[in-house]
Protein chains: 4
Amino acid sequence: MNDIHLEKKIYYHDTDAGGVVYYASYLKHLEEARTEYFRAIGIDIAGYAGQGIIFPVVHLEVDYKSPARYADTINIFTKVEKMGSCSIDILQEIKRGDAVLVKARTVWACVSAQMKPRRIPDDMRKTVEGEING
Amino acid sequence: MNDIHLEKKIYYHDTDAGGVVYYASYLKHLEEARTEYFRAIGIDIAGYAGQGIIFPVVHLEVDYKSPARYADTINIFTKVEKMGSCSIDILQEIKRGDAVLVKARTVWACVSAQMKPRRIPDDMRKTVEGEING
Amino acid sequence: MNDIHLEKKIYYHDTDAGGVVYYASYLKHLEEARTEYFRAIGIDIAGYAGQGIIFPVVHLEVDYKSPARYADTINIFTKVEKMGSCSIDILQEIKRGDAVLVKARTVWACVSAQMKPRRIPDDMRKTVEGEING
Amino acid sequence: MNDIHLEKKIYYHDTDAGGVVYYASYLKHLEEARTEYFRAIGIDIAGYAGQGIIFPVVHLEVDYKSPARYADTINIFTKVEKMGSCSIDILQEIKRGDAVLVKARTVWACVSAQMKPRRIPDDMRKTVEGEING
């Protein structure tokens, strides 16, 4: 995957009594990495939310390949796979060194404040297309 | 403490790699138990929020005496200790059988939607006074 | 889906600033419902963990169809879709009344304490087959 | 407070439907900041856990003065207030710019793997005393 990534450390709050990171905790790191990816390419998701343009997760697929543990440093890599008129498919990998621990595909819808589907804003579309094709 | 309590079970999401319940996870159970306590005495906190009367936690004290573990059943006991004009002090105990695991004191402020202090609504005040004195 | 379900209420800790349940919070309810489903059919997942037989989630697919909100009551329905020699596919639906809010497919591997794949224990296999075919 | 601090950003997973950071979520940031504070002064809490020397939180006091919100950047400042033979009192402040949002006092016990109180290891004691007096 590409070079835009977020480095995170694992703390107790991420883990469970199985001694590894809890399966839902990875989703918090994935959220953070998606936000930072879009910020890095110049898109402010929080700013769109302020305008009533919201990107809820409508579909999620996760492969848990190997667990992260307390005090691990992980890197979350993010890229856009494809973009429809009202949705964006995002691929992510969580790695510890070279080992891929988790692979995730997240689909965002683009909706209004009333949760109705709406077209992805043109400026955002242009920027994302540049990243997909670049 | 009194008889109004909430029974909960401990699942993996409550625990951490230390093998016990994570210190912040108890606060979720305490929130649930406070909500259910007020519902049980006839006060709908969510209803007040809909009217722009909000009860944020402004102070918290917790004694962690003994840990809860995966698959434990806990009971959370709640009572109001005292009530000021714009605040309520709530005492809670989390028990496993007869053992007290956690003691907590939570102070709620009563604020408007603009986060300004406001008097506790009269109907709520009357109900809570009945519980304190009854 | 079948009649074995877990009823839960939504509290503030489940929600996010978007005003709805956070996408990872549903996974905690799904964990609880899987645990209670297996308990209801006579399988004690915590007991197997004590014997070093662990069922980590290795794959997850979630469709988020409609959001749950603060103070909602939800029901989580769980059934086993299929069982391999070392894995179990579980289907779940989270409903509010008749409305399906979330659909999830979770795949558990069966592994040893050393995280090596191992056959699902025979007693568990027999019980689960009875549920799939019954 | 001193200069050792952890900078964090607020994401949706930190917040609740009240539009602000959930009261228990701050405790995760406080945990991270304590861990990084001790690392910064040369103490590896995870390393001690590996030797069966554990520092559970036994007491917690939190003043919530003003809420953090989605997309805020916060800084968590940490210092040791005092040290007993088997316990450490830690003071923390969460700030957004110059505004103090949260003040917290956390007491760690020092216990063995069997959860029995034990003296704080001498090397750790010496380092912490240097910080308190320095």
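1. Helix H1 (residues 25-40) of chain A lies across E1, strand E4 (73-83), strand E5 (87-96) and strand E6 (99-109) of chain A, and makes an angle of about 60 degrees with E4(A). Helix H3 (residues 122-133) of chain A also packs on the sheet, where E4 and E5 of chain A are the strands it touches. The direction of H3(A) is at about 110 degrees to that of E4(A). The model is a predicted one, and every remark in this note should be read with that in mind.

2. On the overall make-up of chain A: there are 3 helices and 7 strands. Taken from the N terminus, the order of elements is β-α-α-β-β-β-β-β-β-α. Of the 134 residues in chain A, 40% count as buried. Among contacts in this chain between residues at least 6 apart in sequence, 66% link residues at least 24 apart.

3. On the dimensions of chain A: the radius of gyration is 15 Å, which agrees with the value near 14 Å for a compact globule of 134 residues. Along the principal axes, the C-alpha atoms fill a box of roughly 45 × 35 × 20 Å.

4. The sheet is shared by chains A and C. It is open, has 10 strands with antiparallel pairing, and follows the order E1(A)-E4(A)-E5(A)-E6(A)-E3(A)-E3(C)-E6(C)-E5(C)-E4(C)-E1(C). Strand E1 (5-9) of chain A and strand E1 (5-9) of chain C are at the edges; each has a single partner strand, so one side of each is left without a neighbour in the sheet. From one strand to the next, the twist averages 20 degrees.

5. At the chain C edge, E1(C) pairs with strand E4 (residues 73-83) of chain C in the antiparallel sense, over 5 bridges. One of the residue pairs here is Leu6(C), whose bridge partner in E4(C) is Ile76(C).

6. Helix H1 (residues 25-40) of chain C has 16 residues and spans 23 Å from its first C-alpha to its last, close to the expected 22 Å. Is the helix buried or exposed? Of its 16 residues, 12 are buried, so H1(C) is largely enclosed by the rest of the structure. Those buried include Tyr26(C), Leu27(C), Leu30(C), Tyr37(C) and Phe38(C), but also Lys28(C), Glu31(C) and Arg34(C). Their cover includes H1 of chain A, and from chain C it includes E1, helix H2 (45-50), E4, strand E5 (87-96) and strand E6 (99-109). After the helix comes Gly42(C), with a positive phi near 100 degrees.

7. In chain B, strand E4 (residues 73-83) and strand E5 (residues 87-96) pair in the antiparallel sense over 8 bridges. The two form a hairpin with 3 residues between them. Within this pairing, Ile76(B) stands opposite Ile94(B) of E5(B).

8. E5(B) also runs antiparallel to strand E6 (residues 99-109) of chain B, to which 10 bridges join it. Gln92(B) has Ala104(B) in E6(B) as its bridge partner. This hairpin has 2 residues between the strands, and Gly97(B) takes a positive phi near 60 degrees in it.

9. Between chains A and B, 10 residues of chain B are in contact with 10 residues of chain A. The chain B side of this interface comprises 5 nonpolar, 4 polar and 1 charged residues.

Terms used: Residues are numbered from 1 along each chain as its sequence is written. Chains are lettered from A and ligands numbered from 1 in the order in which they are written. This is a predicted model: local features need pLDDT of at least 70, side-chain atom pairs count only at pLDDT 80 or more; totals for chains, interfaces and linings use all residues. Two residues are in contact if their C-beta atoms, placed from the backbone, lie within 7 Å. Ala, Val, Leu, Ile, Met, Phe, Trp, Tyr, Cys and Pro count as nonpolar, Asp, Glu, Lys and Arg as charged, and the others, Gly among them, as polar. Two strands pair if DSSP finds at least two bridges between them. Helices (H or I, at least four residues) and strands (E, at least two) are DSSP runs, numbered from the N terminus. Axes are lines fitted to C-alpha atoms, for helices over the stretch in contact, and angles run from 0 to 180 degrees between N-to-C directions. The expected span of a helix is 1.5 Å times one less than its number of residues. A residue is buried if 20 or more other C-beta atoms lie within 10 Å of its own, exposed if 12 or fewer, and partly exposed in between; C-beta atoms are placed from the backbone. The radius of gyration is taken over C-alpha atoms; the globule rule is 2.2 Å times the number of residues to the power 0.38.
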